[in-house]
Amino acid sequence: MKFLRIISSFAFPGLLFINSCQQKDTSQQSGEELAKVYCASCHLFPEPELLDKTTWTQSVLPVMAEQLGFMVNGGMVYPDIRQEKNKDSSYFVNKSAISIEDWEKIVAYYTEKAPEKMLPQNRPPIETPTTLFDIEAAKVEKEGFPATTYLKIDEGNQQVYQASNYSNSLLVFDKYLKPVSGRKVNGTIVDIDFEEDLKKAGARKGFMTSIGIMNPNDLRTGKLLRFESGTTSNSLIDSLQRPVQTIAVDLDNDTYKDQLICSFGNKKGALLWYKNLQNHGYEKRIIRELPGAIKAYIADENKDGLPDIWVLFAQAQEGVFLFTNKGNGNFDTREVIRFPSIYGSCYFEMVDLNKDGYKDILYVSGDNADYSNKVLKNYHGVYVYLNNGKNEFKQQTFFPINGAYKAIARDFDKDGDIDIAAIAYFPDRKNQPQEGFVYLENQGNLTFKPFTIKAVKAGKWLVMDAGDLDGDGDEDIVIGSLDLTKQGIKDVARKDTSFLLLRNRTIKP
């Protein structure tokens, strides 16, 4: 998988090891104590139970050793000894952040405490297909392969927008999945910020986010493109590091819309905003200079007339953060929920799940394209965090789904409560491919009964959207497949299906 977060869960941007830490006497400190100092210096402390013994020792710890300044050769760890010159003499200096003895204590701690094997998911298999949807398939482009990087239901015009990485194109389909239009775009589109209300019919314009090179990198090949129906796209902002979302919003109250950009990056990246210079271009401003910003929402939380920002970071320092707008381009940062760096955060929604008038958090973890990708993780899945009315959140529900990648909360069956549709890009394909799509029907009090679809094996589901495509009053779903088999991925999905339409049959016209 080479899209969105698809990078190491253990990135170490801006290692901040203070030299004085190396001078302290650590001979009496245990491996656990040392791990909580060094392994938690860049992200939340990873408990040994999060991975099995083999994955720690053969995959993750060697990478962590390199990040701490050691050399790894043939599975053995050595101090990184470099020669430096001081005036006319030369000497050798150890560039490692800690001593080899302390590192060995950390390795011993994880080796002793980690389980031999990961525990399985604590739930029965998902086997029953839902009868709520009729399934229709959109075929791939001629001589192409499944390469969907973006899907959006336009309710007002009863159309589906689809971006394809295969042809760098933006395609439009009608409600029967017949092609309406298609055009080449200057990049791989992963998001569109429409200016109009998509519930109303009319011409469309807005801003497209091109990620640039999808594989993990810090190159500045991403772009923000202008989008107008029927016209070619032109670049507004260039040289972005793997941007994945852009929101046009007036952040400084000068009546001109700025651009908030989630520049995911890889080892580098940032949450940025570009100030609108009154139609004379944009000026870059940094809100948080760390990689991993993957999803943002705008809301005036303190009712002061300034837009605040909710953001999920999905790299190293994984978590949900609230950036309170203080005016003049300044923001206060508050950590709302923090996750271990190995969780594989992918997506979140701000939605009132229990209908008490406060926005809750629907959170998804399941990216499994990191150094621990050979093991299924029982903590991957869909989480519900309820808001107590003070923007303090407590976990209410967890439903395990291997490799979960996105979830959408809507009242799909029109019974008055909120259901959840989820997709997984990294399901247990051998034993439980049904996890690729899961419909969680709310049984009351945020307890859910899971269903799948018969066509779940038709693709590798990366993107999803929901909306009333056919205008009959219920929410339909589209799920898109990205299968880079031609680029070396072996677990092949069907090559003829670009995306599926799950046409809701709750309300019949």
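Which residues touch the most other members of the largest nonpolar core? I looked this up before anything else, and found that Trp103 and Leu260 do so, in a core of 108 residues. By nonpolar core I mean a set of buried Ala, Val, Leu, Ile, Met, Phe, Trp, Tyr and Cys residues joined through side-chain atoms within 4.5 Å, where buried means under 20% relative accessible area, exposed over 50% and partly exposed in between, with a 1.4 Å probe and protein chains only. I then noted a second, separate core of 19 residues, which includes Trp461, Met464, Ile477 and Leu502.

Before going on I recorded that this is a predicted model, in which local features need pLDDT of at least 70 and side-chain atom pairs count only at pLDDT 80 or more, while totals for chains, interfaces and linings use all residues. Residues are numbered from 1 along each chain as its sequence is written, and side-chain values use heavy atoms, with hydrogens and water left out.

Next I listed the contacts of Leu260, a contact being heavy atoms within 4.5 Å. Not counting residues up to four places away in sequence, Leu260 touches twelve-odd partners that I give in part, including Ile247, Leu272, Trp273, Ile287 and Ile309. For the chain as a whole, residues 24 or more positions apart account for 53% of the contacts with a separation of 6 or more, and 58% of the 509 residues count as buried.

I checked the overall form as well. The chain has four helices and 32 strands, these being DSSP runs numbered from the N terminus, with helices (H or I) of at least four residues and strands (E) of at least two. The radius of gyration, taken over C-alpha atoms, is 24 Å, close to the 23 Å that the globule rule gives for 509 residues, so the chain is as compact as a globular protein of that length; the rule is 2.2 Å times the number of residues to the power 0.38. Along its principal axes the C-alpha trace spans about 80 × 60 × 50 Å.

Then I turned to three loop residues. Gln432 is found between β27 (419–424) and β28 (437–444), and counts as buried at 9% relative accessibility. Its contacts, not counting residues up to four places away in sequence, are Gln121, Arg123, Pro124, Pro125, Ile126 and Pro427.

Leu177 is in the loop between β8 (169–174) and β9 (179–184), where its phi is near 70 degrees, a positive value in a residue other than glycine. Is Leu177 buried or exposed? I found Leu177 to be buried, with a relative accessible area of 11%.

Asn328, in the loop between β20 (319–327) and β21 (330–338), likewise has a positive phi, near 60 degrees, but Asn328 is exposed, with a relative accessible area of 71%.
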